[in-house]
Amino acid sequence: MPRRLLSAAAACTLLLGLAACGEGGAGPVTTPPPSIDISGSSDGGGDDGAASDGGGDEASPSAAPEVPAPDPADYPGMDENTPEGAEQAFRYYMALMIWGYQTGNVEDMESREIGSCKTCAENRRIILDNSEAGLYWSATSIEDVGVVHYDSEEFDFEVGYIFVLGEHEEPNLETGELELEPATRYTTAAVMDWVDGAWKVVSVRVTAEAG
């Protein structure tokens, strides 16, 4: 997939979003998109805004679709301590998150976070809650728009990544029924640190483009 740089306006938006959130601290506020995150809670919001588990016995459990895991070969250099490595590592992390919603698998995703990333933890919690209820996303696609990195005063890098998540079905957590989600463009930003020989997500912000 060709790699293109983000526009200057998009890059500025990413940086302002991270700065407003306060790197590290209580964690960034997540603007809830209709797909990837989770109940509208902030990254440092504790138990507030916890999502429903989909009605428990009303849902009809089903097997996870057979969706292949993201291929590390599609993210060259992600295990290298370079700016481009940080970019690729964050792209891979977002692919793992989406794959988690399709399969219920969160182990690989968790291995690429640090413990204080509350938005990361909230995504994993919802994935596991869905899985226990037999609720999964259908297969989908990720189309890259662009990825960039910036130096960070407190951490190694800030990474901005824009992609289009293809049309797919998601479970309605109140009814347990699958509903069609249209293709949606996402702007994501993360703080990345090189820890014990690997890139880790320190905090993440995900925003869906309206319309």
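Two rings of Phe, Tyr or Trp count as a pair here if their centres lie within 6.5 Å. By that rule, ring pairs link F90, Y161, F163 and Y186 into a cluster. Keep in mind that this is a predicted model. In total, the structure holds 7 aromatic pairs, and a couple of them are worth a look alongside the nonpolar core.

**Aromatic pairs**

- Take F163 and Y186: their ring centres sit 5.6 Å apart with the planes at 25°, and since planes under 30 degrees apart count as stacked, so does this pair.
- F163 belongs to strand β2 (residues 157-165) and Y186 to strand β5 (residues 184-195), so their pairing ties together parts that are 23 residues apart in sequence.
- Both of these residues, F163 and Y186, are buried.
- W194 and W199 go the other way: with ring centres 5.2 Å apart and planes at 70°, the pair is edge-to-face, because the angle is over 60.
- As for solvent, W194 is partly exposed, at a relative accessible area of 24%, while W199 is buried, at 1% relative accessibility.

**Nonpolar core**

- The largest nonpolar core has 35 residues.
- Those with the most contacts inside this core are F90, Y93, M94, F163, M192, V201 and V204.
- Helices and strands both chip in: α2 (83-103), α4 (118-132), β2, β5 and β6 (198-208) each supply at least two core residues.
- α2 gives the largest share of this core, with 12 residues.

**Where the topics meet**

- F90 and F163 turn up in the ring cluster and also among the residues with the most contacts inside the core.

Methods
Residues numbered from 1 in each chain as written. Predicted model: local features only at pLDDT ≥ 70, side-chain atom pairs only at ≥ 80, totals over all residues. Heavy atoms only, no water. Phe/Tyr/Trp six-rings, centres within 6.5 Å; stacked < 30°, edge-to-face > 60°. Helix = DSSP H or I, 4+ residues; strand = E, 2+ residues; numbered from the N terminus. Buried < 20%, exposed > 50% of the residue type's maximum accessible area, 1.4 Å probe, protein only. Core = buried A, V, L, I, M, F, W, Y, C linked by side-chain atoms within 4.5 Å.
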